[in-house]
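Welcome! Please take a moment to look over the sequence and the 3D structure shown here, and keep both at hand for some practice.

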Amino acid sequence: MIYKIGSRGSKLALAQTESVCRELKKRYPEHTFEIVIVKTKGDKVQDKPLDQVGGKGIFVKEIEEMILSDEIQMGVHSMKDMPARPAEGLIFSKVWKREDPRDVLILREKKRLQELRHGAVIGTGSKRRAFQLKKLRPDLQVVGIRGNVDTRLRKMEEQKLDGIVLAAAGLHRLGMGDRISQYFSEEEMIPAPAQGVLALELRKDNEELRKMLDACADEESQKEASSERQFLEAMGGGCHVPVGASCVKQKDGTYRFYGMFGTEDGSRIVYESAAGSDPGTLAESTAAAIRRKMAGTVFLTGAGPGDPDLITVKGRKILHQADCVIYDRLADPGLLSYVKKDCEKIYVGKENRHHVMEQEEINRLLAQKAMEHKVVVRLKGGDPFVFGRGGEEAMFLKKLGIPAQIIPGISSCIAGPAYAGIPVTHRGTSGGFHVVTAHDRNNKLADIDFEGMARSGETCIFLMGFSKIGEIVQKLQEAGMSPHMPAAVISRAASVNQKTCIGTLETIEERVRKNQMEPPAVIVAGKTVELSAFIGPVRQQKPYLVTKIGTKPSRLSELLRGRGVSVTEIQTGSIVMTEQKFTKDMLQKASWLIFTSRNGVKGFMKNLQDSDLDVRCLHHTKIAAIGQKTAHWLKKYGLLADLVPQIYDSGHLAQCLKQKAGKQDLVCHIKGKEGTSVLRDTLAPLCRYHEIEVYENQPVKIEKPGSPDQYAGTVFTCASSVRRFFGSMEAKTAEKWKREMRCFSIGTGTTSALQQIDAAKICEALQADYESLAAVIGKDVEDVSVSED
């Protein structure tokens, strides 16, 4: 039998693979073993840290794919480079004899770490090593360095580094042990989990080869490596965070386990050790001790159903504080606008039969992120404990010792019927209600006590049962419920797209089909359904699509929500400050400074401070602001505007300045890179007009907004948002939006941009500020409500 063994092409990888090949040839001379060199992504990308190019998997993916396709039968890796779990369909053999797991120091001139000069420069590609080096010698400068052993040694000489840190195992396997200046003990530097261990990876179904490899295993190395990998999996670690583990057998036959774990930036690092007779138990207890000291809090938060305004005040508050949000399909994406700019956002899906991530993976992800962040929000549609598997997540976190708090949410089982005008209880009609999930984990009808539900005379509510409507109504009738019992199906509960279909148990399935209802849906059976005719449904207002610059929720959206207006935000740009060098002489020559936005004010003040100047150099200069809001921002920095036009736009500001500035006056417009030419065209012929760019409104990738019939209107606060929003669409889609969508403009410049793209329905604010624009939209909402009535 010919066995092909995959290996990376570096000297170390080949030395490791050749040692495996020699041993196999020696033990199994009847077989042929050949080495196949495979170039991985990790070998191709050498100029970036591991965490920026994909983490541990970048050294193994290509080899694993070849094993799965049977192009090669096994791969040889360094176990420390392997993810916590092998790829689907692959396994590791038992561990062979381990090489020295310690980290070592190679110095260019000195012999020991203690001999290095103050501020010496050490190279390493590992955060784990870097942070532990800084613990031993806080004065050291640690720089990133990647490549194979020879490359790193060459870089040390070329870059005149004082030293580098490598693994002892690799140097020993290359016969370069004489280059080692100092070995680090486990107390000084905890190595990577399973460092010095070779990972022999093969297909799960290759039983014959697995038995051959397992026969070469070393029991002691297996115990140590397994416990260290167990610790790695328990901590959810990888290349993005510093994690170390070492299991060391003592002279008396017991073991001491060393563990360390830190945040990505090294702001928090915890060390723990434990002693005992069982390595696996020590790994778990060490991981648990670190989690207790380090874990943040996971908030299992109900997002409510459909309407993003149905989230609780507490839920919204915790989103503002979140360092990481892990969210489902049923949580309205608009809620993510409440999070901080640097908040990590992770989508985990959870659509029926189309999970982006399975529940067990989500559980592990929650634990992993709790170790990286102080506040982790698990955002779940409806309520986390109403068929949301929040209980499983809470129990998993508690088992690991990770703090978890529950923030309840409004469940669709109540909100859906309520928005349809159906009370789930009503005096004299229904004294209670039953809520059940309609399908089991095999996507069959759940085991439901239909007889008990029918006998109770109370409202019966079924969630996640759209595909089971026929079976549900049949079972209820078989249990004794009248075929004339009122029934309703509520699709997309509490959203602007909510549809309600009302009938009886006898007719509801056919009516749902005729009305082309879609999941997700709430099914209601009971006498309270009849009350919808008297109470009437809650009119769900379509949201206004508000374009914004930056990631934070815009103040305009807050004003609109304060008026009861439903809002969906879409980002069209990001503000980046531009560097400008100011001099005292230059600023003192200016007769006027013109500010036309708060970003202009912020950019100017930042550059003023960066130029080692303050507002005292402006004592001879007059200041013009386009409106009261810009004037307010100036006032925050101790500057009072000398001129604010009564109508807040560039045209009226230009006309006011036209009366003030003469030919000898230097008038400086503090602005962004983009902007209208109104001020320039009006003032340049009359004075010494000069533009100073202090910020740039940079474009971002714009999410697809959907169809125009989803929104009541689109709101624009600058011309660049108009151009970018429509420019991000395909021509046919853009034409549909221009033709059908009502566009709300903050002022003349924005209106002009809308006219240039031939937008059909434009409504401009009376004054170019958020308050006026919010008032126009608020009036629009009232007008729509009246017309519908």
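Below are some short exercises, each with a worked solution. Please keep in mind that the model is predicted.

**Exercise 1. Work out how E393 and R378 are related in the model.**

Step 1. Begin with the pair itself: E393 and R378 form a salt bridge, and their closest N and O atoms are 3.2 Å apart.

Step 2. Next, place both partners. E393 belongs to helix 13 (residues 390–399) and R378 to strand 17 (residues 375–380), so the salt bridge ties together parts that are 15 residues apart in sequence.

Step 3. Now check the surroundings: both E393 and R378 are buried.

Step 4. Finally, widen the view. D328, R378, K380 and E393 are linked in a network of salt bridges. Across the whole structure, a search finds 40 salt bridges.

**Exercise 2. Compare the settings of E558 and R561, whose side chains meet in a salt bridge.**

Step 1. The N to O distance of this salt bridge is 3.7 Å.

Step 2. Both E558 and R561 lie in helix 19, three residues apart, which is about one turn of the helix. An α-helix has 3.6 residues a turn, so residues three or four places apart point the same way.

Step 3. Buried means under 20% relative accessible area. R561 has 16% relative accessibility and therefore counts as buried. E558, at 33%, counts as partly exposed.

**Exercise 3. Repeat the reasoning for K738 and E735.**

Step 1. A salt bridge joins K738 to E735, with the closest N and O atoms 3.5 Å apart.

Step 2. Both residues are in helix 26 (residues 731–740), where they sit three residues apart, about one turn of the helix.

Step 3. K738 has a relative accessible area of 13%, so K738 is buried. E735 counts as partly exposed because its relative accessibility is 43%.

**Exercise 4. Is helix 25 largely enclosed or left open by the rest of the structure?**

Step 1. Find helix 25 at residues 719–727.

Step 2. List its buried residues: A719, S720, S721, V722, R724, F725 and F726.

Step 3. Draw the conclusion: seven of the nine residues are buried, so helix 25 is largely enclosed by the rest of the structure.

**Exercise 5. Describe where K552 is and which residues gather with K552 in a patch.**

Step 1. Look in the loop between strand 24 (544–549) and helix 19 (555–562), where K552 is found.

Step 2. Exposed means over 50% relative accessible area. K552 has 58%, so K552 is exposed.

Step 3. On the surface, K552 gathers with K341, R598, K602 and K636 in a patch of positive charge.

**Exercise 6. Find out which residues D323 is in contact with, beyond its neighbours within four places in sequence.**

Step 1. D323 has its place in the loop between helix 11 (313–321) and strand 15 (324–327).

Step 2. With those neighbours left aside, D323 is in contact with K340, D342, C343, E344, H373, K374 and V375.

Step 3. Take one of these partners, E344. D323 and E344 are 21 residues apart along the chain, and their C-alpha atoms are separated by 6.2 Å.

**Exercise 7. Decide whether K251 is buried or exposed, and state how far its C-alpha atom is from that of C413.**

Step 1. K251 is found in the loop between strand 11 (243–249) and strand 12 (255–262).

Step 2. With 90% relative accessibility, K251 counts as exposed.

Step 3. The C-alpha atoms of K251 and C413 are separated by 63 Å, and the two residues are 162 residues apart along the chain.

Definitions and conventions
Residues are numbered from 1 along each chain as its sequence is written. This is a predicted model: local features need pLDDT of at least 70, side-chain atom pairs count only at pLDDT 80 or more; totals for chains, interfaces and linings use all residues. Side-chain values use heavy atoms; hydrogens and water are left out. Patches are made of residues with over 30% relative accessible area and no salt bridge: like charges are joined within 9 Å, nonpolar side chains (Val, Leu, Ile, Met, Phe, Trp, Tyr) within 5 Å. Accessible areas come from the Shrake-Rupley method with a 1.4 Å probe; for residues, only the protein chains shown count as cover. A salt bridge is a side-chain nitrogen of Lys or Arg within 4 Å of a carboxyl oxygen of Asp or Glu. Lys and Arg count as positive and Asp and Glu as negative; His and the chain ends are not counted. The place of a charge is taken as NZ of Lys, CZ of Arg, CG of Asp or CD of Glu. Helices (H or I, at least four residues) and strands (E, at least two) are DSSP runs, numbered from the N terminus. Buried means under 20% relative accessible area, exposed over 50%, partly exposed in between (1.4 Å probe, protein chains only). Contact means heavy atoms within 4.5 Å.
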